Amino acid sequence: MFPDILRSVITDVMICVLLYHIALPKYGVRLYILVAVGVVLVNVLANVFYYLRGDYASVVRVDFIMLLLICVLGKPLFRETVMQWLFSFVTVMNIYAVVVFLSYTLSGYLPWPLYANTLIRLLMFLGLALVFGKIVRPIYRKVMQHWPVFFLLVLGVAVNLGYYFFGADIRMQFQQNAAPILLLVLLAAVIYLSIFVFMRTITSAYELREEAIRVRAVQAVLASELDAQADAQAITQQNRHDIRHHNNLLLEWLQSGDVAGAIAYLHASNDGNERVSQAGRVFCKNATANAVCRIFSRRAEEIGATLDVRADVPATLSIGDVELGAMLSNLLENACEATVQAQGSDRTIQFDCKVAKGRLMIETRNPCAGQVVFEEGLPVSTKPGGGIGTRSLREIVKRHGGMLDLRQDGAAFVARVMLPQREARNAFSTTYPTQEERPC
């Protein structure tokens with residue numbers, strides 16, 4: 001009975017590990033370890049009676065009931081929607097069925113088949129967990145987001161595999177129907193492989209198109225912002241030129257005793273100057289960085305937040321204007337979106353950007369909601385089709401030999417970028433003086 005219990009424990013633990021790697025956990029790993037221990041204990045206690053009688057068909061039925069309980073009770077521990085969670089559960093069921101069949105079949109060709117079955121099962125589960133955790137997981141996220149397209153396929157695989165697990169003695173089923181089950185296993189592998197390849201191809205094409213749209217949008221917004229800056233400068237120069245005319249008008253009103261007229265004129269003049277001042281606000285000498293800061297200062301105000309800018313960026317950098325604009329825009333757009341979702345009184349987005357020791361150093365810090373989940377160093381987006389901007393940011397940093405560090409610091413999300421600065425080229429022909437309170 002010991003080999004059977006050992007095999008049962010390993011199977012239960014590996015199913016929990018697979019679910020943890022395939023699905024999107026909501027809590028820390030300790031909670032899932034406790035849940036896995038509870039599942040193992042309950043399942044072993046439920047199966048001991050059938051192991052003593054050698055009734056492996058009933059063992060399979062008990063395991064199936066346990067899996068259904070995991071499906072129902074485990075959903076609150078993960079972030080997916082109900083149907084996404086069900087898709088992942090069916091996938092784990094298919095993996096379980098395939099591994100059980102292959103480990104039983106292959107163990108018949110090895111010495112000590114009871115222990116060989118357990119070892120093969122352990123190795124197969126570990127290999128699949130490693131593949132999902134390190135290789136397949138990002139594309140599997142995309143598959144889950146489009147579950148309506150693929151659900152019937154994976155459910156059909158589960159139904160066909162399940163047919164051979166519920167009936168007569170399971171060992172007899174495996175022995176008498178080895179060939180059709182093996183063909184079904186190969187078909188299941190082809191189906192999942194085709195799903196992943198298809199989704200990877202479609203996702204790559206979609207991301208390229210979306211990135212091109214984003215780049216064009218950034219260019220258009222930056223060009224508009226630079227035009228507004230030039231207009232504001234022209235108005236400022238005109239106002240300086242016309243100051244003597246304003247003074248003469250005020251002097252005329254005051255000499256004639258029309259104080260109310262002078263006051264009204266000053267209010268109108270101040271309102272116009274304030275609008276020009278806001279439109280022409282200068283954060284640093286670099287035109288592109290300056291335009292991005294103005295855009296997201298307004299965006300922050302729209303969402304009830306504050307963008308705290310500390311910028312010391314020279315007029316020219318080695319990175320091109322388009323890439324600089326896209327990089328800064330992606331950073332600040334992600335910060336604004338996270339701030340909208342965050343709850344709390346602190347709604348300040350900090351943005352620091354400077355050149356020091358031959359490096360462009362950028363840091364954003366913003367409030368975030370809950371625990372951030374990372375995959376391959378990037379945060380997992382909760383939006384369908386999300387995460388394109390972050391991947392674009394990583395590619396820009398990689399092209400310029402820089403470093404990108406994304407992490408959660410308590411209730412704040414911190415993004416840091418470091419780009420080495422080679423011989424700089426002109427970013428724009430126009431540079432701007434800085435505000436007195438923020439010298440560059």
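Leaving aside its neighbours within four places in sequence, which residues is methionine 199 in contact with? In this predicted model, the answer is a set of five names: Ile139, Lys142, Val143, His146 and Phe150. Methionine 199 itself belongs to helix 8. One of its partners, histidine 146, lies 53 residues away in sequence, yet the C-alpha atoms of the pair are 9.2 Å apart in space. Is methionine 199 buried or exposed? Because its relative accessibility is 4%, under the 20% cut-off, methionine 199 counts as buried.

From this residue it is a short step to the nonpolar interior. In soluble globular proteins, nonpolar side chains tend to be buried together. Here, the largest nonpolar core holds 58 residues, and Phe87, Tyr140 and Phe196 are those with the most contacts inside it. Two or more residues each are given to this core by helix 1 (2–22), helix 2 (29–53), helix 3 (56–74), helix 4 (82–107), helix 5 (113–145), helix 6 (147–163), helix 7 (170–176) and helix 8 (178–241). Helix 4 supplies the largest share, with 14 residues.

Phenylalanine 87 offers a good place to look around in this core. Not counting residues up to four places away in sequence, phenylalanine 87 touches Tyr140, Val143, Met144, Trp147, Phe150, Phe151 and Val154. Val143 and Phe150 are thus met again, as both are also in contact with methionine 199. A second core, separate from the one just described, has 39 residues, among them Phe296, Ala311, Ile362 and Ala415.

The strands come next. How many strands form the open sheet, and in what order? There are five, arranged as 1-2-3-7-6 with mixed pairing. Strand 1 (306–312) and strand 6 (403–409) are the edge strands, each pairing on one side only. On average, and with direction ignored, neighbouring strands of the sheet are turned by 10° against each other. Within the sheet, strand 3 (residues 359–367) and strand 7 (residues 412–420) are joined by nine bridges in the antiparallel sense. In this pairing, methionine 361 stands opposite methionine 418 of strand 7.

Two helices accompany these strands. Helix 11 (residues 287–302) packs on the sheet, where it touches strand 1 and strand 2 (348–356), and its direction makes about 165° with that of strand 1. Helix 12 (residues 321–341), for its part, lies across strand 1, strand 2, strand 3 and strand 7, and runs at about 15° to strand 3.

Conventions: Residues numbered from 1 in each chain as written. Predicted model: local features only at pLDDT ≥ 70, side-chain atom pairs only at ≥ 80, totals over all residues. Heavy atoms only, no water. Core = buried A, V, L, I, M, F, W, Y, C linked by side-chain atoms within 4.5 Å. Buried < 20%, exposed > 50% of the residue type's maximum accessible area, 1.4 Å probe, protein only. Helix = DSSP H or I, 4+ residues; strand = E, 2+ residues; numbered from the N terminus. Contact = heavy atoms within 4.5 Å. Pairing = 2+ DSSP bridges. Axes fitted to C-alpha atoms, helices over the stretch in contact; angles between N-to-C directions.
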